[in-house]
Every structure is written in structure tokens, then in C-alpha cells.
Amino acid sequence: MVTLVVLLDLSAAFDTTEHTTLLDIFQTKVGIIGTALNWHKTYLSERSYRVVTGEAESNVMNLDCGLPQGSSLGHLKFIIYAAEMQEVVNRHGISFHGFADDSQLNKHMQVSEIHVGKCAMVDCIVDIVSFPWTEA
């Protein structure tokens, strides 16, 4: 028996989480509506940032994507945003373990099945790369 393991670090995905897609997922897949959905819209809207170092300041940039990584809800929002990844992984017969932006894919198989297992893993990764949140 052998186990094929792929580790995914999706930390940059926090920066590319598209707000309208996240809000759509909240509404259609999680069932968040009304006041609760409006609270999330408010939380994500009109966000901006700038860099200050010493006396120098960058221009203010408006953010239409990304999640605040210091917040208590940032990781949970990302997990909800990326939950479809587990469905994709399952369709390929791959086991999935995820925590926040770190994910582990693994496939346990007989040595004689390693070529088929490797192809399943590669196909799975190709599908993961085609996620909306990896296109930003």
C-alpha cells in the first residue's frame, strides 16, 4: 500500500476572495438571508487599505476582494468560500482534510494502482485550479 499526499497552502486565496461570490455562496448554499446577509455585506463593503512606514504613506486602495486575516470570522468565511473544494476532491475519490487556508489531499492505494491514483490526483488539482477564487 502507498499513500499519495498533496499539501495545498491557499494563504494567498484570502487576498483574492471575491466579495460578491462569497455573498452569493452565503445566500444560496448556506441560507444566510435578510439582516444577517446585510450584516456580511456591510462587513465586506467599502474596505480599503494603505501602507504607512515612518513619514511615508501610500495611496488609499479600495478592496473589492480579500478577507481580513486578523479577524475572528476571516478563517470561517474562507472555509465557507472554499467548501466546494471538498466536493470536487470527493468526486475524484481523494480524501480531504482542511483547516483554514491549509488543505491536505491524500489517496491511499495498492502499489499496482499508483498510476490511476496519480492521474486522479492530477485531475483533482486541475479542477481545484479552475475554482473562481483561483482566477483572481
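A charge is said to sit over a ring if NZ of Lys or CZ of Arg is within 6 Å of the ring centre and within 35 degrees of the ring normal. Keep that in mind for this tour of a predicted model.

Begin by selecting Arg47 and Tyr43, where Arg47 lies over the face of the Tyr43 ring, at 5.1 Å from the ring centre.

Keep Tyr43 selected and add Trp39, because the structure holds one aromatic pair, and the rings of Trp39 and Tyr43 form it, with their centres 5.5 Å apart and their planes at 15°, so that the pair counts as stacked. Now show the backbone as a cartoon, and you will find both residues in helix α3 (residues 34-44), where they stand four residues apart and are therefore separated by about one helical turn. If you then turn on the surface, Trp39 counts as partly exposed, at 45% relative accessibility.

Next, with the surface still on, select Tyr49, Val51, Met61 and Leu63, which form a nonpolar surface patch with about 350 Å² of accessible area together. Of these, Leu63 belongs to strand β5 (residues 61-63), and with a relative accessible area of 30% Leu63 is partly exposed.

Finally, select Cys119 and Cys124. How many disulfides does the structure hold? The structure holds zero, and for Cys119 the reason is distance, because the closest cysteine sulfur, in Cys124, is 13 Å away and too far for a bond, whereas a disulfide needs the two sulfur atoms within 2.5 Å. The surroundings of the two cysteines can be compared as well: Cys119 is partly exposed, with a relative accessible area of 33%, while Cys124 is buried, at 0% relative accessibility.

Terms used. Residues numbered from 1 in each chain as written. Predicted model: local features only at pLDDT ≥ 70, side-chain atom pairs only at ≥ 80, totals over all residues. Heavy atoms only, no water. Patch = residues over 30% accessible without salt bridge, like charges linked within 9 Å, V, L, I, M, F, W, Y side chains within 5 Å. Areas by Shrake-Rupley, 256 points an atom, 1.4 Å probe, with all protein chains shown as cover. Salt bridge = Lys/Arg side-chain N within 4 Å of Asp/Glu carboxyl O. Helix = DSSP H or I, 4+ residues; strand = E, 2+ residues; numbered from the N terminus. Buried < 20%, exposed > 50% of the residue type's maximum accessible area, 1.4 Å probe, protein only. Phe/Tyr/Trp six-rings, centres within 6.5 Å; stacked < 30°, edge-to-face > 60°.
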